[in-house]
Amino acid sequence: VCDNAPNAVPEGLSYLANGGRYAELGNFTDNGSTTINPFRDFMRRNVTLIARSGYDPRHWVMGHELLSSYGDRFSSLVTHQEPLERVEEVIHSVLEHRWELDGRVFVKATFDPWL
């Protein structure tokens with residue numbers, strides 16, 4: 001799952017095991033192109049690509065359940081965990097293509113309402 005950063009797609013594909021599934025839900029606007037090798041990234045590894053533009057909240061729940069089933073395996077992909085009060089600040093950083101928070105570049109920011 002990527003977050004409207006086209007170059008995150010090839011990186012995300014590189015994390016997949018043979019026979020893996022890749023869900024692309026984040027590039028919901030045209031934010032540029034990226035390079036993918038269909039043979040290397042999909043065919044040789046038998047990867048399934050799932051891409052959705054129109055989805056409802058139950059799809060987020062399904063994705064969360066899938067990722068949670070792997071325990072902490074993906075926790076290193078989250079670079080920032082922030083309180084809900086910082087949502088607007090993070091969104092502005094993404095919209096301005098800065099991808100930075102507190103002087104550090106972020107790959108994936110999550111929000112915890114209990115922070």
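**Close-up 1. H97, in the loop between α4 and β4.** This is a predicted model, and our tour starts at H97, which sits in the loop joining α4 to β4. What is the sign of phi at H97? It's positive, near 60 degrees, and H97 isn't a glycine. That is worth a second look, since most residues other than glycine have a negative phi. H97 is partly exposed, with a relative accessible area of 49%.

**Close-up 2. D102, another residue with a positive phi.** D102 is found in the loop between β4 and β5 (104-105). Its phi is near 55 degrees, again positive without being a glycine. Is D102 buried or exposed? It counts as exposed, at 56% relative accessibility.

**Close-up 3. Helix α4 and what packs on it.** Helix α4 covers residues 87-95, and its buried residues are V90, S93 and V94. Seen down the helix axis, these buried residues fall within an arc of 100 degrees, so they line one face of α4. Turn to the other side of the helix and you'll find E88 and L95, both exposed. Part of the cover over the buried residues comes from two strands, β4 (100-101) and β6 (109-112). Just after the helix comes H97, the residue from the opening view.

**Close-up 4. The largest nonpolar core.** Seven residues make up this core: A5, V90, V94, W99, L101, F106 and A109. Pick out V90 and look around: leaving aside neighbours within four places in sequence, V90 is in contact with L101, F106, A109 and F111. V90 and V94 also belong to the buried residues of α4. Apart from this core lies another one, of 6 residues, including L13, L16, F42 and V47.

**Close-up 5. D41, a buried residue in helix α2.** D41 has its place in α2, which runs over residues 38-43. With a relative accessibility of 6%, D41 counts as buried. Which side chain does D41 join through a polar contact of 3.3 Å? The partner is the side chain of R40. Beyond its neighbours within four places in sequence, D41 is in contact with L13, I36 and V47.

**Close-up 6. Strands β1 and β2, side by side.** The two strands pair in the parallel sense, over 4 bridges. Follow β1 (residues 21-24) and the side chains alternate: Y22 and E24 point to one face and are buried, while R21 and A23 point to the other and are not. Across from E24 in β2 stands A51.

**Close-up 7. A51, at one end of a long reach.** A51 lies in strand β2 (residues 48-51). Is A51 buried or exposed? It's exposed, with a relative accessible area of 53%. How far apart in space are A51 and V105? Their C-alpha atoms are 26 Å apart, and the two residues are 54 residues apart in sequence.

**Close-up 8. Confidence along the chain.** The protein chain averages a pLDDT of 82, and 91% of the residues score at least 70. Which helix has the highest confidence? That's α2, at a mean of 92, while α3 (residues 57-68) has the lowest, at 79. As a reading tip, where pLDDT is low, the predicted coordinates should not be read in detail.

Terms used:
Residues numbered from 1 in each chain as written. Predicted model: local features only at pLDDT ≥ 70, side-chain atom pairs only at ≥ 80, totals over all residues. Heavy atoms only, no water. Core = buried A, V, L, I, M, F, W, Y, C linked by side-chain atoms within 4.5 Å. Buried < 20%, exposed > 50% of the residue type's maximum accessible area, 1.4 Å probe, protein only. Contact = heavy atoms within 4.5 Å. Arc of directions from axis to C-beta. Polar contact = N/O pair within 3.5 Å; in protein donor to acceptor, adjacent residues only side chain to side chain. Pairing = 2+ DSSP bridges. pLDDT = per-residue confidence, 0-100.
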